[in-house]
Amino acid sequence: MTMTEIAQTIDAAFSAQRDTVASRRQSFGLAERRAALARLGRAIRQNETALIAALATDFGKPEAEVILTEIVPVMQEIRHTSRHLRRWMRARRVLPTLATLGTSARVRPEARGVCLIIAPWNYPFSLAIGPLVSALAAGNSAIIKPSEMAPATSAFIARLISEIFPPDLVTVIEGAVDTSTELLAQPFDHIFFTGSPKVGKIVMGAAAKTLASVTLELGGKSPTIIGPDADLNAAARWIAFGKFANAGQTCIAPDHVFVHHAVKNDFLTALRDRIAGSYGTGPTSPHLARIVNADHATRLAGLLRDAVAKGARVLLEGGQKDREMGPTLIESITPEMEIDHEEIFGPILPIMTYDNLDTVIDRINGRPKPLALYIFSKQRSQVDRIIAAISSGGVGVNLTVAQFVHPNLPFGGVNTSGIGMAHGHYGFRAFSHERAILSNHFSALPLIFPPYTPKVNRLVALIKRILG
Ligand code: NAD
């Protein structure tokens, strides 16, 4: 398509949804929203095989990983949302204060209107459809822009959605940066973006032009701290899973590890064993996803080359064969190395040793706030100390990545790792405008309206004494 054709398609798709906002306000109630979610859930079930095939085509994701990380989280989101939606949608009464005696007040969650969902490639299905569940639950229409870097999954999403929803409720516009840029020029009511901090800034800049509200689910370097008292086998199990699932291409994967020097060797032994047990040796395990494309494979090879050239030591050679890359462990990282600053987003795990926890805390606090922070320790006071000292989007204690699938927890970053929250009730609220409604029954406030006679002034003075 030419740019003019892309612009025309986007204009038409946006107008179709905009034109139905007013009627949707009145007709898209609890029953209709639940029906839409049920339709979505049924369609996913019926098309599971095609989805697994699409993700295998895009980056060789093992079937079990597709089920665990793409299908189950979305189905759980649908179930959890449908179950609680009645309560979430209800207007919430709030108590009057002295100044507002004689009134009644409520907060009514309302649809924002027409929403844009821009998805990344690493979990290309769940990170496009998960937010859609929240958008529909909150009564919105949505345009989804899947990632062009997972083309088979993008085409799958476009087909699935066109088969179950009218375009004035949900439509998919496939495309790359040009398409995304063109979409961002439309006056959406809310933009839900998942992707890199760099593009997050572009999205927020575009949203500023129309004052669209935003949810930005971004990334960064998520650190892992292993205390001297940690259960090292458990730490190795969780870190290997969190880091090497999806070949490390996970926003909340442990990016690097700080291990106490007293347990470094034992931890490394446990981690090596775990990697060998899960993935064997070399880069070609069927249990490992591929790197998404040649550019990213080259980027990862470059990060490793740069680190080694500047003095890093390879502790476990994973090997690389085109887009296949095995779990790789390195140490002796210094700030001159690119890998010390760039989100790794691949199966390379730097291991750093520490003696004094304060140096680790200072180091992490000197960098952009991470999306996730992982702590392995049996000592509650140590865990609490680290949580209090370091800001991050979320925290995992004696586990990794599982915080993503807890439906009652908010999922989101802080500053550079994100703005706003997703999942469950938090996702519903992200796509809702919480509207304040104050109704007068017998408010005494008109007694102080002008003209400001001596009597009114006495009342104002009284109010000041009580409330001021
Ligand atoms: P990305 O930012 O490159 O792309 C995300 C989306 O933005 C894609 O749909 C892409 O087409 C679009 N896009 C790219 N450049 C654009 C531009 N200049 N203008 C407008 N749109 C543009 O991210 P990615 O490479 O797809 O995903 C990896 C990043 O996403 C990592 O940083 C990762 O940590 C983060 N991530 C975060 C979460 C989360 O939930 N917080 C989840 C997954 C990934």
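1. Start with a small space. The second largest cavity holds about 60 Å³. This is a predicted model. Look for the cavity's walls at Val21, Arg24, Arg25, Ala111, Arg112, Gly113 and Gly139. Helix α2, residues 21-27, supplies the largest share of that lining, with 3 residues. Sorted by class, the lining of this second largest cavity has 3 charged, 2 polar and 2 nonpolar residues.

2. How many cavities of 30 Å³ or more are there? The count is 4. The largest cavity has a volume of about 260 Å³. Its lining has 22 residues. Nearest the centre of the largest cavity are Ser126, Leu127, Phe404, Ala422 and His423. Find these five in the model before you go on.

3. Which elements build the wall of the largest cavity, giving two or more residues to its lining? They are α5, α6 and β6, with β6 spanning 190-194. Of the elements, α6 gives the most, 5 residues. The lining of the largest cavity is made up of 13 nonpolar, 7 polar and 2 charged residues.

4. Now bring in the domains. Domain 1 covers 3-218 + 418-435, and domain 2 covers 223-411. Each of the two gives at least three residues to the lining of the largest cavity. Colour the two domains separately to see this.

5. Turn next to a pocket. The second largest pocket has a volume of about 340 Å³. It is lined by 18 residues. Closest to its centre are Thr69, Phe241, Val401, Phe404 and Val405. Three elements each give two or more residues to this lining: α5 (63-89), α6 (126-137) and α10 (232-244).

6. Are charged residues present or absent in the lining of the second largest pocket? They are absent: the lining has no charged residues. The rest of the tally is 13 nonpolar and 5 polar residues. Domain 1 (3-218 + 418-435) and domain 2 (223-411) each provide at least three residues to the lining of this pocket.

7. Put the two spaces side by side. Phe404 is among the residues nearest the centre of the largest cavity. Phe404 is also among those closest to the centre of the second largest pocket. Helices α5 and α6 contribute two or more residues to the lining of the largest cavity. They do so for the second largest pocket as well.

8. Now check a helix pair. Helix α1 has residues 3-19, and helix α8 has residues 177-184. Their axes come within 10 Å and cross at roughly 45 degrees. An angle from 35 to 65 degrees counts as oblique, so α1 and α8 are oblique to each other. Their crossing is right-handed.

9. Two backbone details deserve a look. Most residues other than glycine have a negative phi, and most peptide bonds are trans. Ala247 has a positive phi, near 55 degrees, and is not a glycine. Ala247 sits in the loop between α10 and β9, where β9 is 256-260.

10. The other detail is a peptide bond. What is the form of the bond from Pro450 to Pro451? The bond is cis, with omega near 5 degrees. Pro451 lies in the loop between β18 (432-440) and α16 (454-467).

Technical notes. Residues are numbered from 1 along each chain as its sequence is written. This is a predicted model: local features need pLDDT of at least 70, side-chain atom pairs count only at pLDDT 80 or more; totals for chains, interfaces and linings use all residues. Side-chain values use heavy atoms; hydrogens and water are left out. On a 1 Å grid over the protein atoms alone, a cavity is a set of points where a 1.4 Å probe fits but cannot get out, and a pocket is an open set with protein on both sides within 12 Å along at least five of seven lines; lining residues have an atom within 4 Å of a point. Grid points are joined across faces, edges and corners, and a volume is the space filled by probe spheres set on the points. Helices (H or I, at least four residues) and strands (E, at least two) are DSSP runs, numbered from the N terminus. Ala, Val, Leu, Ile, Met, Phe, Trp, Tyr, Cys and Pro count as nonpolar, Asp, Glu, Lys and Arg as charged, and the others, Gly among them, as polar. Domain bounds come from an automatic or database domain assignment. Axes are lines fitted to C-alpha atoms, for helices over the stretch in contact, and angles run from 0 to 180 degrees between N-to-C directions. Angles under 35 degrees count as roughly parallel, over 145 as roughly antiparallel, 65 to 115 as roughly perpendicular and the rest as oblique. A crossing is left-handed if the near helix is turned anticlockwise from the far one by less than a right angle, and right-handed if clockwise.
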